[in-house]
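Student: I would like a close look at one part of this model, with its surroundings worked through in order. Please keep to what the coordinates show.

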Amino acid sequence: MSASLQQVGLAVKRLQWRHHREANRRLAPHGLSLVQWDTLRHLHAEHEPSLHRLAELTFQTDQSMGELARRMVDRGLIERIEGPGRKVQHRLTPAGDELRLAGSAAVDEVLRESLGHLSESECETLHTLLLKAAGAL
């Protein structure tokens, strides 16, 4: 018996929900939420992105990302810098990078617990299939 599309969709959602909930729990001792850690991760990977770009990358609205960025600036995790024109860009601070690394270890642990039992080939297949499904949207 093959899985229905609803069953597959629900399995993807359950795994995502488990990852989100457990990552938030393990990031809390570092004073981070998953979206804050994700923001730090993207700031490390991208050169001085705009607020709008950070919102896209972290699945936030511009308004919620603006509030989150303000709180992270206040904590000294990120800084705002002037961009071209009226554009405001963001950069990771050393304190933010330190928390990014600590958070990465916590998130990796969560992912190892759920995906670590898959073989390298299975992980590659899963990744390919998820990208293929997401590209169809």
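Student: How many residues does helix 4 have, and what distance does helix 4 reach from its first C-alpha to its last? Please go on from there to what lies around it.

Tutor: The model is a predicted one. Helix 4 runs over residues 62-74 and has 13 residues. From first C-alpha to last it reaches 18 Å, close to the 18 Å expected at 1.5 Å a residue.

The buried residues of helix 4 are M65, G66, L68, A69 and M72. An α-helix has 3.6 residues a turn, so residues three or four places apart point the same way. The cover over the buried residues of helix 4 includes helix 2, helix 3, strand 1 (78-82) and strand 2. After helix 4 comes G76, with a positive phi near 80°.

On the side leading into helix 4 in the sequence, the loop between helix 3 and helix 4 holds F59. F59 is not a glycine, yet its phi is positive, about 65°. Its relative accessibility is 74%, so F59 counts as exposed.

Now the covering elements, beginning with strand 2. This strand spans residues 88-92 and contains Q89. Q89 counts as buried because its relative accessibility is 12%, under the 20% limit. Leaving out residues up to four places away in sequence, Q89 touches E48, P49 and S50, together with E79, R80, I81, E82, G83 and P84. With E48 there is also a specific link: the side chain of Q89 reaches the backbone oxygen of E48 at 3.0 Å.

E48 itself sits in the loop between helix 2 and helix 3. Its phi is near 45°, a positive value in a residue other than glycine. At 17% relative accessibility E48 falls under the 20% limit, so E48 counts as buried.

Helix 2 covers residues 34-45, and H42 is found in it. H42 has 13% relative accessibility and therefore counts as buried. The side chain of H42 makes a polar contact of 3.4 Å with the side chain of R41. Setting aside neighbours within four places in sequence, H42 is in contact with L54, L57 and T58. Helix 3 spans residues 51-58.

Helix 2 and strand 2, which are among the elements covering helix 4, also turn up beside helix 5. The buried residues of helix 5 pack against helix 1, helix 2 and strand 2. Those buried residues are G96, L99, R100, G103, S104, A106, V107, V110 and S114. Helix 5 has 22 residues, which should span 32 Å at 1.5 Å a residue; its end C-alpha atoms are 31 Å apart, so the two values agree.

A105 also belongs to helix 5. With 44% relative accessibility, A105 counts as partly exposed, because that class lies between 20% and 50%. Its C-alpha is 9.5 Å from that of L27, although A105 and L27 are 78 residues apart in sequence.

The next item is the empty space. Rolling a probe the size of a water molecule over the atoms shows where empty space is left. The largest pocket holds about 1,300 Å³ of space. It is lined by 33 residues, and the closest to its centre are L15, Q16, H19, L111 and L130. The elements that give two or more residues to this lining are helix 1 (5-27), helix 2, helix 3 (51-58), helix 5 (94-115) and helix 6 (120-135). Helix 1 provides the largest share of the lining, 10 residues. By class, the lining has 22 nonpolar, 8 polar and 3 charged residues.

Last, the setting as a whole. The protein has 6 helices and 2 strands, arranged along the sequence as α-α-α-α-β-β-α-α. Of its 137 residues, 31% are buried. Among contacts between residues at least 6 apart in sequence, 51% join residues at least 24 apart. Along the principal axes, the C-alpha atoms fill a box of roughly 55 × 35 × 25 Å.

Key. Residues are numbered from 1 along each chain as its sequence is written. This is a predicted model: local features need pLDDT of at least 70, side-chain atom pairs count only at pLDDT 80 or more; totals for chains, interfaces and linings use all residues. Side-chain values use heavy atoms; hydrogens and water are left out. Helices (H or I, at least four residues) and strands (E, at least two) are DSSP runs, numbered from the N terminus. Buried means under 20% relative accessible area, exposed over 50%, partly exposed in between (1.4 Å probe, protein chains only). A polar contact is a pair of N or O atoms within 3.5 Å; within protein, one must be able to donate a hydrogen and the other to accept it, and residues adjacent in sequence count only if both atoms are side-chain atoms. Contact means heavy atoms within 4.5 Å. On a 1 Å grid over the protein atoms alone, a cavity is a set of points where a 1.4 Å probe fits but cannot get out, and a pocket is an open set with protein on both sides within 12 Å along at least five of seven lines; lining residues have an atom within 4 Å of a point. Grid points are joined across faces, edges and corners, and a volume is the space filled by probe spheres set on the points. Ala, Val, Leu, Ile, Met, Phe, Trp, Tyr, Cys and Pro count as nonpolar, Asp, Glu, Lys and Arg as charged, and the others, Gly among them, as polar. The expected span of a helix is 1.5 Å times one less than its number of residues.
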